[in-house]
Amino acid sequence: MLAWLAAWVVSATTAVLSPSAQCDGMGELHYIAAASVLDALIVVACAPIARAIGLMGRKDDDVWIAALDLESILLSSLIAPLATYSTLYGGATAYDRWIGDANSPDNTLTPGLDSCGCGAMGVCWIVNLLMAARAIGTIPFYFIAEGGIFKKGEGRWLMVVHHSIVAFGCAASMYVAHGRWYGTAMAVAEWSNPFVAIKQLAQRMPRRSLDLEAVNGVLLAITFITTRLVGIPLVAVAYVNDWRFARDEAQTPLVLHNLWLVSGVAMFGFSFYWAFPVLRSAARKWTKAVVSREKTA
């Protein structure tokens, strides 16, 4: 099984790097499947690390949830800067946003490799691949974690729905080779994920630091507001303005175009739903840290 998986990953990587690579829809899905397996293996590798650094101190702590937080810190920290770069320098026109070009600034790794939506190794291609892989590769662990997907008070089922929407949006854009820029623009919201993960991991540490939690809470609030509550609506405005180009020039199927729009609205809905507890928690952590410092002064 492992030998077959390794051969599959090597074959997919070789195909992507080949100068003759083309953006075949089924081929793109194969890349996503291989990358999803790799992401799941990263989560598995994070489980013993979570135990080793003492993240299982509380009675109801689950190793898979802690492993998912570690994976989030690793992958989101990689995706966020790539997504920001591609968003800022790869979407100047509607053509760049919907069709892309191998020689556009968002294809700096292998310029000119192909012209199918950002080039086969364009930055936006990588971001969409990683986003789809993360969304798919992490879903099974919410089911196998203690208490299952509907464990009370944790909202795991919401995360599964959220990840399913992300997987659909990125996989569909890769399959039809249109609109990949929007996948990278939405992925800018990954800036808040490491701070979400640190917030959850900090509560599991054997020795908690109020100062660390307070600073992390402020950074979480800033990134959450700017990338999710402000950033996602801005992306939606661009999406609506591009409707005519997407229909007439890019010839994006109307059903798919509308599904992407609904997905974006759903993503903002999740962000708005989570905003209050995120901001309330950040304010509470900061207040506790200030009170603690005043007591020890």
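Are tyrosine 31 and tryptophan 125 buried or exposed? In this predicted model, both residues are buried. They also belong together as a ring pair, and that pair is a suitable point of entry to the structure.

A search of the whole structure finds 10 aromatic pairs. In the one formed by tyrosine 31 and tryptophan 125, the ring centres are 5.8 Å apart and the planes meet at 70°; the pair is therefore edge-to-face, since an angle over 60 degrees places it in that class. Tyrosine 31 belongs to helix α2, which spans residues 25-52, while tryptophan 125 belongs to helix α5, which spans residues 123-144. With the two positions 94 residues apart, the pair links distant parts of the chain.

A second pair is formed by tryptophan 98 and tryptophan 260, whose ring centres are 6.0 Å apart. Their planes stand at 45°, so this pair is tilted. Tryptophan 98 lies in helix α4 (residues 94-98) and tryptophan 260 in helix α11 (residues 254-296), and the pair therefore ties together parts that are 162 residues apart in sequence. Both partners count as buried because their relative accessibility falls under the 20% limit: the value is 1% for tryptophan 98 and 12% for tryptophan 260. These two residues are members of a cluster in which ring pairs link Trp98, Trp181, Tyr182, Tyr239 and Trp260.

The cluster also has a charged neighbour. Arginine 97 lies over the face of tryptophan 181, at 5.9 Å from the ring centre. The side chain of arginine 97 further meets that of aspartate 242 in a salt bridge, with an N to O distance of 2.6 Å. Arginine 97 is in helix α4, and aspartate 242 is in the loop between α9 (210-241) and α10 (243-248), so that 145 residues separate the two in a link between distant parts of the chain. Arginine 97 counts as buried at 14% relative accessibility, as does aspartate 242 at 4%.

Side chains of opposite charge can pair when their charged atoms come close. How many salt bridges does a search of the whole structure find? The search finds six. In one of them, glutamate 28 pairs with arginine 180, the closest N and O atoms being 2.4 Å apart. Glutamate 28 lies in helix α2 and arginine 180 in helix α7 (residues 180-187); the pair therefore ties together parts that are 152 residues apart in sequence. Both of these residues are buried.

Another salt bridge joins glutamate 190 and arginine 134, at 2.9 Å from N to O. Here the loop between α7 and α8 (193-202), which holds glutamate 190, is linked to helix α5, which holds arginine 134, across 56 residues. Glutamate 190 and arginine 134 are both buried, and together with Glu71 they are linked in a network of salt bridges.

Histidine 257 leads back to the aromatic residues. This residue is placed in helix α11 and counts as buried at 4% relative accessibility. Which residues does histidine 257 touch, not counting residues up to four places away in sequence? Its contacts are Trp98, Tyr239, Trp243, Ala246 and Thr252; Trp98 and Tyr239 are among the residues of the ring cluster. Histidine 257 and arginine 247 are 10 residues apart along the chain, and their C-alpha atoms are separated by 8.4 Å.

Notes:
Residues are numbered from 1 along each chain as its sequence is written. This is a predicted model: local features need pLDDT of at least 70, side-chain atom pairs count only at pLDDT 80 or more; totals for chains, interfaces and linings use all residues. Side-chain values use heavy atoms; hydrogens and water are left out. Rings of Phe, Tyr and Trp (its six-membered ring) pair if their centres lie within 6.5 Å; planes under 30 degrees apart count as stacked, over 60 as edge-to-face and the rest as tilted. Buried means under 20% relative accessible area, exposed over 50%, partly exposed in between (1.4 Å probe, protein chains only). A charge sits over a ring if NZ of Lys or CZ of Arg is within 6 Å of the ring centre and within 35 degrees of the ring normal. A salt bridge is a side-chain nitrogen of Lys or Arg within 4 Å of a carboxyl oxygen of Asp or Glu. Contact means heavy atoms within 4.5 Å.
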